[in-house]
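Reader: I'd like to get better at reading salt bridges in a model. Can you walk me through some?

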Amino acid sequence: MADIRFDGRVAIVTGAGAGIGKAHALELAKRGAKVVVNDLGGARDGSGASTAAADQVVNEIKAAGGEAVANYDSVSTMEGGQKIVDTAMDCYGQVDILINNAGILRDKSILKMTEAEWDAVLNVHLKGAFCVTQPALKVMREKQYGRIVFTSSMSGLYGNFGQANYGAAKMGLVGFMNTLKLETAKYNIKINTIAPNALSRMTEDVFPPGMAEKMRPQFNVPIALYLCAEEMMDSGMVIVMGAGWYGRTALVVSPGVCIGDTQRDIAAEEIRDNWNKITDLSSAEVAEGGNSIFKLMEPLLK
Ligand code: NAI
């Protein structure tokens with residue numbers, strides 16, 4: 001099998017000044033992509049800004065013989081998103097790959113969380129993905145080619161104490177992807193989501209010793225690169241990973257139960273009496289789109 005290469009491809013990686021994004025950017029460049037290294041350069045909570053982080057990654061790529069350009073705009077405004085895409089267009093004339101990776105944390109238990117903490121996290125992770133993806137999609141649709149990766153998190157997929165804002169944003173990305181994959185399918189644009197795990201500034205106080213050093217950011221890179229490869233034909237996957245383990249996660253649906261005849265009312269007691277059947281996932285299947293749910297209603301609908 002041929003190596004996975006990105007020669008002639010232009011990639012944008014947001015939040016590429018550190019951690020996982022930096023690792024994505026270095027490897028894309030090593031494999032031939034021209035990379036827009038976007039990073040606002042702020043603190044872990046999103047405050048402040050600096051050009052140093054993006055510049056350093058660009059210098060590293062160039063020192064290794066690759067091509068890259070820095071961009072310092074925030075992903076969280078439409079203006080910023082447009083400027084990130086404009087950087088790619090002005091310098092390299094196209095956008096083939098977009099890895100939405102930029103992220104911040106403002107952890108608080110729900111009763112203590114302020115509106116500002118909720119908004120800041122939603123703005124970077126969820127709105128930020130919209131702000132960069134929409135202008136990128138306009139270019140990709142023209143060229144009938146695109147590979148996009150969203151960066152979710154186990155916190156959103158499964159929950160994590162103190163991260164209601166972050167979890168909502170990260171699961172929101174899955175909903176965003178589910179619709180985009182349908183809207184872009186005919187343009188040869190593939191959109192997938194990763195839920196990484198890595199020791200980084202974001203998680204420096206999360207993983208216990210012994211586990212932390214095994215959570216190398218690099219382990220999240222090969223899957224992101226494969227999802228960005230020309231040969232990637234899947235769209236709408238969510239892949240979870242860490243320490244070299246990779247697996248697909250998905251929303252499943254139980255066979256459930258049909259109650260009534262579509263004419264008579266259904267009582268709360270009938271739900272109670274069928275609760276075990278409704279919630280039994282022992283023969284659940286992956287819900288591949290809304291139609292797979294309507295299929296389960298078929299006995300009632302025909
Ligand atoms: P990191 O803190 O090392 O890197 C995030 C980068 O995003 C920083 O360089 C930061 O300056 C940049 N950034 C923040 N706000 C920005 C904005 N508005 N515009 C542009 N750049 C901005 O964190 P890490 O761990 O590398 O995280 C990368 C992504 O992976 C994030 O989306 C994070 O939520 C996600 N993730 C990380 C996990 C982990 O275990 N490290 C677990 C699950 C998800």
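Author: Sure. Let's start with one residue: Arg31 has a relative accessibility of 27%, so it counts as partly exposed. Arg31 pairs with Glu27 in a salt bridge, with 2.7 Å between the closest N and O atoms. Keep in mind that this is a predicted model.

Reader: What is the general idea behind such pairs?

Author: Side chains of opposite charge can pair when their charged atoms come close. In this structure there are 12 salt bridges.

Reader: Is Glu27 buried or exposed?

Author: Glu27 is buried, because its relative accessible area is 19% and the cut-off for buried is under 20%. Glu27 also meets Lys30 in a salt bridge, at 3.8 Å from N to O. Lys30, at 62% relative accessibility, counts as exposed.

Reader: Where do Lys30 and Glu27 sit?

Author: Both are in helix H1 (residues 19-30), 3 residues apart, which is about one turn of the helix.

Reader: And which residue forms a salt bridge with Asp205?

Author: That's Arg44, with the closest N and O atoms 3.1 Å apart. This pair links distant parts of the chain, 161 residues apart: Asp205 is in the loop between strand S6 (189-195) and helix H7 (221-227), while Arg44 is in the loop between strand S2 (34-38) and helix H2 (52-63). As for accessibility, Asp205 counts as exposed at 55%, and Arg44 as partly exposed at 25%.

Reader: Which residues are linked in a network of salt bridges?

Author: Look at Arg9, Asp96 and Glu230: salt bridges link them in a network.

Methods: Residues are numbered from 1 along each chain as its sequence is written. This is a predicted model: local features need pLDDT of at least 70, side-chain atom pairs count only at pLDDT 80 or more; totals for chains, interfaces and linings use all residues. Side-chain values use heavy atoms; hydrogens and water are left out. A salt bridge is a side-chain nitrogen of Lys or Arg within 4 Å of a carboxyl oxygen of Asp or Glu. Helices (H or I, at least four residues) and strands (E, at least two) are DSSP runs, numbered from the N terminus. Buried means under 20% relative accessible area, exposed over 50%, partly exposed in between (1.4 Å probe, protein chains only).
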